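Hi everyone, thanks for coming. I'd like to walk you through a few spots that caught my eye; have a look at the screen.

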Amino acid sequence: MKSLTKLYKEYAQLPLTDDWKELIPTSVFVALTKCAAVRKNEIAAMSKAFRESFAKKDELMAALREVFESGETSIDLGEEYDLEKIKKLCVVLNNNKLIGLLTRFNPKLSFHEGFFSVLTGTVDVITRDNDVVNLWRLSRAKSQTETDELSVLVYILLAYISYSDEWDIVFKKIPVMVNSGKEESWHLERKELTEDPRVTLKKILGSLLKTQRDKGKDCACCIHAPYCKVLTEDVQHEAEEAVDADM
Amino acid sequence: MTTKVLNSKLAAAYAKAGTAALKKFGVHHLSKSSAENLLECANKFHLKSLYNIAKPQMFLGNIVHGVLEKAADSLVPYSEKVNVKTLEGESLKKFIAGYSDFKTEVFSKLNFSQLLIEQAQDQLADLTCGREVLYPEGMGYGTFAANILATVETMTKSLTKEHWSELLDCPVLSSEMPVIYFTGSPNEVKIPYLGYADMLMLDPETGKVKIVDLKTAFSGQSQTWNNVGYKFQLWLYAQALKQMGYVDYTVTAEIKKVLIDLGLKRKNKPTTYTIKTEVGRLTNLDSYNERFQHTLDYAQRIIENGIQVFANSSYGCGSCEYKDMCDEKILNDDWVIEGGANEESD
């Protein structure tokens with residue numbers, strides 16, 4: 001498991017300014033994107049295309065919910081999926097159902113200040129075991145993709161706001177397609193937080209204001225890739241299937 | 001629910017007002033129910049955007065709404081053939097009589113049972129994508145969907161064409177029409193209101209437009225008509241229609257209630273449900289101008305000043321759909337009760 005302590009400290013030591021206010025309301029995906037088209041919401045406005053490209057993800061989530069509700073470990077998915085990897089999550093879901101532990105599908109993490117929504121982010125599944133809350137990301141990338149650890153840190157900090165009791169938070173990424181790489185996990189223990197996670201998130205958002213962005217960046221990880229006009233007009237390669245859900 | 005679109009000028013004005021309100025206050029727009037939530041509990045106001053609530057009776061009501069919308073849409077073409085504003089006296093009578101024949105013909109081609117089932121399937125499919133869903137305790141998607149489909153199956157045997165015809169008794173001008181209301185003057189940044197009027201119909205006696213809202217209840221009991229929220233909603237939509245230029249007068253309003261007794265207290269499940277309908281009319285919505293303008297001002301001030309009240313519902317937090325997600329809830333499990341079970345005298 002990889003530790004995010006060093007990355008966390010880099011941002012926690014920054015001074016807090018008001019820069020974060022320029023970005024809100026925003027989502028983890030839009031805030032961290034390196035693509036100017038996504039940041040300017042040029043692509044996200046195509047909600048129908050977005051929904052259609054998400055249909056595959058919905059099938060996967062429906063299959064997992066069925067596993068959770070039925071108590072069965074076998075899962076009904078196409079042969080393009082690596083069922084051995086998914087089965088591990090199925091075992092967790094069955095166990096949680098038996099014991100009655102926290103299990104959530106498509107949960108949206110968020111924080112707001114007064115009536116202002118600051119940041120939202122959706123993960124695929126949240127489960128609890130013992131004293132740890134696990135955030136699961138099921139990646140449908142066709143090959144191993146590099147995960148932006150800053151986005152993982154942001155999700156963990158968001159989860160620390162939502163789960164303010166004593167549990168630690170762990171982020172787990174499972175590439176669910178066949179031959180798409182290995183599972184990874186990251187953690188940042190609660191005892192390592194030196195300030196309110198809201199403050200650190202504001203510092204991170206403020207720092208992102210200055211991030212250089214061009215169009216057609218990080219397309220392999222972009223949920224808008226299947227219908228992005230920037231991709232087909234400016235960047236001459238095939239669109240990858242949508243991965244890393246964030247809404 | 002089908003979403004009809006605004007005309008481009010109104011859509012642009014709404015987008016501009018909403019964007020300005022979002023930047024200044026953090027809230028893009030309000031609806032009748034989000035305004036109610038705001039005054040009841042800020043957490044409920046926030047949590048509503050994060051979750052989809054799968055409450056059986058609400059879900060069934062949406063299914064009935066969906067079918068009514070489809071049926072209403074198929075009747076709208078009748079009213080589009082004439083300029084209804086010019087109808088009066090004999091021309092109005094003839095128009096109303098013609099509507100009855102038109103409706104009979106349209107209804108002969110509609111299979112309401114099939115529409116009910118299709119609506120149920122579509123809405124259940126919508127639950128499988130998008131926001132996290134909160135199901136009733138002990139239920140997941142599978143059991144919820146099975147219960148809904150079984151209930152809808154019985155509803156197909158209970159709701160007859162006559163019931164639908166009664167709901168659509170007057171010429172339909174539009175269904176699920178988006179209505180926008182801008183509070184304040186054009187130079188001010190104020191939060192706009194957005195709603196969807198179930199139906200606009202032509203009143204056969206006056207030849208004027210009326211708003212018709214459908215409510216469903218599933219206990220078979222006639223519910224109180226003292227719900228201020230109903231009046232606020234109808235008043236707001238009436239003001240919006242005038243402001244939008246759809247009419248130059250304050251319309252009247254009706255609520256049509258469909259009461260479907262699911263027989264939940266019976267030992268054996270009924271094979272058909274008892275259906276009753278009620279109609280309530282409001283003919284002088286302008287009498288609420290001062291009262292509900294205060295509500296709009298109050299909601300605006302709450303948001304402008306960042307005032308958040310929590311757990312402020314007179315029904316308490318125990319029946320709130322979001323109670324399991326809420327840190328601010330106040331439950332009543334800390335009462336120590338002594339003495340008999342007499343009602344409080346005051």
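Let's begin in chain B, with helix α9, residues 228-243, and helix α10, residues 289-304: in this predicted model, their axes come within 11 Å and cross at roughly 95°. That crossing angle is why we call α9(B) and α10(B) roughly perpendicular to each other. Which residues meet there? From α9(B) we have V228(B), K231(B), F232(B), W235(B), L236(B) and Q239(B), and they meet N289(B), R291(B), F292(B), Q293(B), T295(B) and L296(B) of α10(B). If you sort that contact by class, you get six nonpolar, four polar and two charged residues.

Now over to chain A, for another pair of helices. Here α1, residues 5-12, and α8, residues 197-208, have axes that come within 9 Å and cross at roughly 80°. So α1(A) and α8(A) are roughly perpendicular to each other too. On the α1(A) side the contact uses Y8(A), Y11(A) and A12(A), while α8(A) brings T200(A), K203(A), I204(A) and S207(A). By class, that contact has four nonpolar residues, two polar and one charged.

Last stop, back in chain B: please find D203(B), in the loop between β4 (193-202) and β5 (209-217). Is D203(B) buried or exposed? D203(B) is buried, and yet it has no salt bridge. The nearest side chain of opposite charge belongs to K210(B), 4.8 Å away, and the salt-bridge cut-off is 4 Å. Leaving aside residues up to four places away in sequence, D203(B) touches K208(B), K210(B) and T252(B).

That's my tour, thanks for listening!

Conventions: Residues numbered from 1 in each chain as written. Chains lettered and ligands numbered in written order. Predicted model: local features only at pLDDT ≥ 70, side-chain atom pairs only at ≥ 80, totals over all residues. Heavy atoms only, no water. Axes fitted to C-alpha atoms, helices over the stretch in contact; angles between N-to-C directions. Helix = DSSP H or I, 4+ residues; strand = E, 2+ residues; numbered from the N terminus. Parallel < 35°, antiparallel > 145°, perpendicular 65-115°, else oblique. Contact = heavy atoms within 4.5 Å. Nonpolar A, V, L, I, M, F, W, Y, C, P; charged D, E, K, R; others polar. Buried < 20%, exposed > 50% of the residue type's maximum accessible area, 1.4 Å probe, protein only. Lys, Arg positive; Asp, Glu negative; His and termini not counted.
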